[in-house]
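This briefing introduces one molecular structure to a reader who has not met it before. Two topics are covered: a strand with its neighbours, and the surroundings of a ligand.

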Amino acid sequence: MKITVIGAGYVGLVSAACFSDFGYEVTCVDRDPRKLAALESGKIPIYEQGLEPIVAANRAAGRLTFTDNLKDAVAQADVVLIAVGTPTREGEGGADLSYVFAAGEEIARAMKGFTVIITKSTVPVGTAAKLREVIAKARPDGDFEVASNPEFMREGSAVEDFLRPDRVVVGVNSERAEKVLRQLYRPLTTRNVPLLVTSCEAAEVIKYAANTFLATRIAFVNELADLCETVGADIEDVARGMGLDKRIGLQFLSPGPGFGGSCFPKDTRALAHTARQHGRPFSLVERVIAANEARKLALADRVEQAVDGTLSGKRIAILGIAFKAETDDIRDAAALTLIPELQKRGASVAAFDPVAMDNARQALTAVQWCADAYSAAIGADAAVILTEWNVFRGLDLQRLARDMRQPVLVDFRNLFSIADAANSGMTYHSIGRTSVIPAGSQTADVIPFKSEAV
Ligand code: NAD
């Protein structure tokens, strides 16, 4: 089976590499010359653990190639996976499908013989049906099927997630498409990975439903944390007490600065948009989106209160830019809301992230980029942890505080226990827990998030 993957981004590159690792011949197409040049020279353009050796081994074995020539890559393929971006469209929050349909038209013109075209991109319900129309219009003589195969990998563990997924979902509307998809995933199903065959429509909804449900858990625990702060309960105890219930589980119950990244914000918006479009507004999801956006906007208030109520002339050290640990992805990261707001209110910002600084330099201005957390903290009035990088978990807080103007730590990821924070001598504000205020400090002990009016 010859596979062509359109898009060499987080999903396309990992999928192409892993399919080639199963022994398939895979061509990965991208139109970004910088990405292709990096891949051609053996470099991986994204930070994703475990990806580099798989790409290198399969390139060396001749099973994985990269090209910008979509026409030739599609002409020789039995299966074409579309893994291009589906960002939020300007306006009402729906998904921008222009890249998917543009790829569809190019595929239509190039395909030869029976071809199965699969959407791996996250696409709203009805997209497979529309793609079928687009392709049939461009190639009335074309022998093809369209299938929907949403991807559930997480950045940071994408290779592991691809090779050992909880399940594979394939949406098909014909038996011959099902046969090809079953064959494609044989390397996983023979290892007992469940393969769920549904309609294209159900597969498309499953992906949005899964992401929105996880985002809802995060929004829930975040607002619960705000309540805990006010009533004096520790959110870490509360979340653990909830999560040990097998019906609930512990995952996605960590409070933080609000969900970000390339998926949850855009997918919640797109699902809400789809629901509105079909006259079935999804009020719960609308609330999750609003609560999350309000939370990100309120981060600056919390930092401001931690530095005595004014940011003007203050220096803030930001630790972590990536939207979560183990990725260089900064799309919709809390840092992109917080840092410009701190600057607008008169603060100067120094920052460090272990892998996301190259991307961050292009998205943020007037930030002093530092070599590590300790140098970012020099002269700072507060250090703010935004990303749960392991390298921050072991920070020596006394050393961090030593060169700061004010020894204040705002920890939006609850990386430290209250006991450790108390031993450090720093003023320590976290989420959903009582703040640690060393004797003699003037700072208020609880700094509540401003919640959005319902
Ligand atoms: P990305 O932006 O990292 O990569 C998309 C790539 O497609 C880019 O390199 C771009 O140059 C290329 N491209 C666009 N149009 C093209 C065309 N016509 N021909 C060739 N190349 C083209 O995006 P991503 O994060 O990999 O996401 C892709 C899709 O997968 C999205 O729909 C996303 O929602 C979904 N998804 C992403 C993740 C994730 O963790 N990033 C997980 C599951 C699903």
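Is strand β5 (residues 115–119) mostly covered or mostly uncovered, and how many of its residues are buried? In this predicted model, β5 is mostly covered, with five of its five residues buried.

**Strand β5 and its neighbours**

- Burial affects both faces of β5: Thr115, Ile117 and Thr119 are buried on one side, and Val116 and Ile118 are buried on the other.
- Strand β4 (residues 79–82) runs parallel to β5 and is joined to it by four bridges. Within this pairing, Ile117 of β5 is the bridge partner of Val80.
- Strand β6 (residues 144–148) also runs parallel to β5, and five bridges join the two. Here Val116 stands opposite Glu145 of β6.
- Helix α5 (residues 98–110) forms a right-handed β-α-β unit with β4 and β5.
- Helix α6 (residues 127–138) forms a right-handed β-α-β unit with β5 and β6.

**The ligand and its surroundings**

- The ligand is surrounded by 25 residues, of which Asp30, Lys35, Thr86, Glu155 and Lys266 come nearest.
- By type, the shell around the ligand comprises eight nonpolar, seven polar and ten charged residues.
- An N or O atom in the side chain of Lys266 is 2.6 Å from an oxygen atom of the ligand.
- Glu155 places a polar side-chain atom 2.8 Å from a nitrogen atom of the ligand.
- Val11 contributes a backbone N or O atom, which lies 2.8 Å from an oxygen atom of the ligand.
- The protein buries 91% of the 830 Å² that the ligand exposes when taken alone.

Technical notes. Residues numbered from 1 in each chain as written. Predicted model: local features only at pLDDT ≥ 70, side-chain atom pairs only at ≥ 80, totals over all residues. Heavy atoms only, no water. Buried < 20%, exposed > 50% of the residue type's maximum accessible area, 1.4 Å probe, protein only. Pairing = 2+ DSSP bridges. Right-handed = clockwise from strand over helix to strand, strands pointing away. Near = heavy atom within 4 Å. Polar contact = N/O pair within 3.5 Å; in protein donor to acceptor, adjacent residues only side chain to side chain. Areas by Shrake-Rupley, 256 points an atom, 1.4 Å probe, with all protein chains shown as cover. Nonpolar A, V, L, I, M, F, W, Y, C, P; charged D, E, K, R; others polar.
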